[in-house]
Amino acid sequence: DGWKAKDVAVFLVIALTIKGGTSKLGATQTNQLVDLIDFFNKHVVAELQEARHPVLTADAIKFVTVFRAQLDRGVYERVLPMLLALLAHKNLVVHTYAASAIERMLTVRDSNGQRRFDTPQLLPLLQQLLTSLFGILSMPGSEENAYAMRAIMRVTVVAGEAMAPYANVCIDSLNNILVRVCANPSNPTFNHYLFETVASLVRYICAASPAAVDAFETLLFPPFQTVLQMDISEFTPYVFQVLAQLLECRPSLSASYEALFPPLLMPTMWERPGNIPPLVRLLCAYMIKGKAQVYARIEGVLGVFQKLLATRATDAHACRLLSALFTAFDAAELQQYLVPIFNLCLTRLQTNKKAGPPLVAAWSVYVARYGATALRSQFEAIQPGLCGMILGRVWGENAPSVAGAIPRKMVIISTARILAECPELLSAADSFCSLLEAALTMVLADHGVETKADAEEAEDCPPDIDNGANGYAAAYVQLSFAAAGEQDLYPSEDSTRFLAATVRQLSVSQPASAQLIQRLPAEKQQQLSELVQRAG
């Protein structure tokens, strides 16, 4: 009968206890005068177990959610089964709160980086948890409950490879949901986590068991083909991302992927901006897994490259496609197209200076595949003396702005190779110094490159999606669990050591390089000397 008073009391305790926190992490600083565990045992547990009044039950779930970082593993092992039981509650607020609490608790990590409630603890609850969460999506009013779908996604991530026995059932359920929402894709948050769940299953199961790829393809291609045939613009960017992810797990093209390739080159496929990033990734995957099929239509691929390069909004994607072409094909296979390709690149630089960093990243792939002298020859074939100008003004100025750990590594090493393999630069002091200073700047800045902890945070906290209050825009949103990995063409090299070794080698084999190094600013000379010493 006193539920209102207890509701106020719980609210006050939460308000008075929090001294700092975020929506992502919950409470991060608490009032030490409040004994959270004592309050939890005396007043919260009973509401979670008995669910006497929906308001008090929701209050108890909120308490657990807010103070999830302060509750130890023992409390988690008591609370998770209680929250699991509350997923079946008929009240929309209660089962939504319970789903959200489970999802948030599964993201909490201890100081050693381990999840507080990890795969071994989750396994005994896994089957019932999946059943109850999918059950929410059949309750009136919760058919598109984004919190429940996000919780399903989180469970699949934490379970990882242990999801294998349940993967087919989950994919079937997700397919049924996809068919339903295709009729009216009105909830972008729910739909995003729907595809995140599919992507997480592909990521953790197909990567561990390549034999599962065929089964996933059989299950996913029919609904995905429906999305593409119906031209549901809200879903096509997601479908292309998962198709690329699935193809990357395959040893070679299947019949379904072979049939899908020709339509991908049709101009109409590239008209929607939201389709471009995932389509480029899909084409890159085709080059790796189906080189012969791509080469048979190489001019169509180059037509896509030219179209993307011509627009400021898409020229970076054109450069990514160019990198994939250089990676997949030998120089002899591309020989007849190289001069037009480089002419297009140089023309683009004249109209958009911001295309410099992605073009340098693509050219670094060219050096990695074919050598520094091949790059020099390519520029000189266009115009004698062009190489020094491009390397000094374009490469040197734009290299430090290249983004991404692996692209930056390849740019540093390719820059060092140009310095070592193109002795002509010794007579072009400005270009030599510009390249060396750019590589040094990048090495010194690379302490800011993404760390393992950053990757874990990105995995635990995929971006929140706008609820569509201003309408549903068919824009591209990256799926966290379908993110593409960059191919490292220098897998056994360390960029810092490579640059240091190059400088040492030049000082011995090319004494003139020492005089050029003296032209660097004094601070840069000191940094370079320290770098060489540290590298041994």
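## Charges, core and helices in a predicted model

Leaving aside neighbours within four places in sequence, Asp59 is in contact (heavy atoms within 4.5 Å) with Asp7 and Val10. Asp59 sits in helix α3, residues 54-66. Helices (H or I, at least four residues) and strands (E, at least two) are DSSP runs, numbered from the N terminus.

This is a predicted model, in which local features need pLDDT of at least 70 and side-chain atom pairs count only at pLDDT 80 or more, while totals for chains, interfaces and linings use all residues. Residues are numbered from 1 along each chain as its sequence is written, and side-chain values use heavy atoms, with hydrogens and water left out.

**Charged residues**

Asp59 is buried yet has no salt bridge. Its nearest side chain of opposite charge is Lys62, 6.5 Å away. Here, buried means under 20% relative accessible area, exposed over 50%, and partly exposed in between (1.4 Å probe, protein chains only). A salt bridge needs a side-chain nitrogen of Lys or Arg within 4 Å of a carboxyl oxygen of Asp or Glu. For charge, Lys and Arg count as positive and Asp and Glu as negative; His and the chain ends are not counted.

By the salt-bridge rule, the count comes to 21. Three of the pairs are listed here.

| Pair | Closest N to O distance |
|---|---|
| Arg52 and Glu47 | 2.6 Å |
| Arg104 and Glu103 | 2.8 Å |
| Arg348 and Asp315 | 3.2 Å |

Arg348 and Asp315 link distant parts of the chain. Arg348 is in helix α18 (residues 331-351), Asp315 is in helix α17, and 33 residues separate them. Arg348 is buried at a relative accessible area of 11%. Asp315 is buried too, at 4%.

Arg104 has a relative accessible area of 8% and counts as buried. Its partner Glu103 is buried at 3%.

Is each residue of the Arg52 and Glu47 pair buried or exposed? Arg52 is exposed, with a relative accessible area of 53%. Glu47 is buried, at 2% relative accessibility. Both belong to a network of salt bridges that links Lys6, Glu47, Glu50 and Arg52.

**The nonpolar core**

A nonpolar core is a set of buried Ala, Val, Leu, Ile, Met, Phe, Trp, Tyr and Cys residues joined through side-chain atoms within 4.5 Å. The largest one holds 189 residues. Leu48, Phe216, Tyr286, Trp363, Trp395 and Ile418 touch the most other members. Helix α10 (residues 188-206) gives the most to this core, with 11 residues. In soluble globular proteins, nonpolar side chains tend to be buried together.

Which residues does Ile418 contact, leaving aside its neighbours within four places in sequence? They are Val367, Ala372, Leu375, Leu391, Trp395, Leu425 and Leu435.

**Helices α22 and α17**

Helix α22 covers residues 405-421, 17 in number. From first C-alpha to last, α22 reaches 24 Å, close to the 24 Å expected at 1.5 Å a residue. The expected span is 1.5 Å times one less than the number of residues. In α22, 13 of the 17 residues are buried, so the helix is largely enclosed by the rest of the structure.

Ala316 lies in helix α17, residues 315-328. Ala316 is partly exposed, with a relative accessible area of 40%. Ala316 and Thr30 are 286 residues apart in sequence and 46 Å apart in space, C-alpha to C-alpha.

**The hairpin**

Strands β1 (residues 18-22) and β2 (residues 26-30) run antiparallel, joined by four bridges. Two strands pair if DSSP finds at least two bridges between them. β1 and β2 form a hairpin with three residues between them. Gly20 stands opposite Gln29 in β2.
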